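Please examine the structure shown here together with its sequence. A short report accompanies it.

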Amino acid sequence: MIQRQDLLNWLHTELAVAAFQDYAPNGLQVEGNAAIRKILCAVTASRAAIEAAIAAGADTLLVHHGMFWKSEPATIVGWKKERIRLLLAHDMNLLAYHLPLDAHPEWGNNAQLARFLGWQCDTVTGEGNLLWLGRTRQPQTLAELTQELSAVLRREPLTVGDAAQNIERIAWCSGGAQGFFQAAIDAGVQAFITGEASEAQYHLAQETGTAFIAAGHHATERYGVQALAAAVNRHFGIETVFFDQDNPV
């Protein structure tokens, strides 16, 4: 058992929360029991994740995507009311870390994506150091890179580019980072990997020759929260489990 405030203090420091201007609150989003005995982690604080935490006997849900975003209405109705009702009914804490988890050099989504794919990071850049530049494990074609992503992430990526194109220099940013594509092009990489795509990225890829891969928002951010939970387990000795909700987006 650990005290919630001890965990929050540690996470705030380790994730350098104060360094980010985020569009969601990082840290405690819904207050539950002050004493923590078991944590369930998930990518998103969905109703399914909350129900899984209840079924697992967890008193804390640790996620990357919380429930409160600047672009959303402030009213607590419908699906949001139901999620919060379940959390409060079971005295469960909801902890969420968004950009700080994306950017963390060891546990972050970008770092873990590189770890699972064997990519080498040479530098980080962009707002919040969220755009990573580096190299694949070995030179390969775009088709081979796509196949490798599909095997590791268990989802068929959306790829725009010449399948026979040689790829070695890459840029990546997990999640909904398609807006970084131009910065990746400017950096001179041969391919950019993120989670989601918008209509404009197709044309940029076609006209610049830089390949664009949307490998899934959920799929590219599945590993960061697990790495964070594992670090919590090592530091505090608290039990952690992972819930993976199948999400094709």
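The report describes a sheet, the helices that pack on it, and two loop residues.

This is a predicted model in which local features need pLDDT of at least 70 and side-chain atom pairs count only at pLDDT 80 or more, while totals for chains, interfaces and linings use all residues. Residues are numbered from 1 along each chain as its sequence is written, and side-chain values use heavy atoms, without hydrogens and water.

**The sheet.** Five strands form an open sheet in the order S2-S6-S5-S4-S13, with mixed pairing. Strands (E, at least two residues) and helices (H or I, at least four) are DSSP runs numbered from the N terminus; two strands pair if DSSP finds at least two bridges between them. Strands S2 (27–30) and S13 (239–242) each have a single partner strand, so one side of each lacks a neighbour in the sheet. S2 runs antiparallel to S6 (residues 93–96), joined by three bridges; Val30 has Leu94 in S6 as its bridge partner.

**Packing helices.** Helix H1 (residues 4–14) touches S2, strand S4 (38–44) and S6, and its direction makes about 5° with that of S6. Helix H10 (residues 224–236) lies across S4, strand S5 (60–65) and S13, at about 165° to S4. Contact means heavy atoms within 4.5 Å; axes are lines fitted to C-alpha atoms, for helices over the stretch in contact, and angles run from 0 to 180 degrees between N-to-C directions.

**Loop residues.** Most residues other than glycine have a negative phi. The table lists two residues with positive phi.

| Residue | Phi | Loop | Relative accessibility |
|---|---|---|---|
| Asn129 | about 55° | between S7 (120–125) and S8 (131–141) | 41%, partly exposed |
| Arg154 | near 60° | between H6 (142–153) and S9 (158–160) | 56%, exposed |

Exposed means over 50% relative accessible area, buried under 20%, and partly exposed in between (1.4 Å probe, protein chains only).
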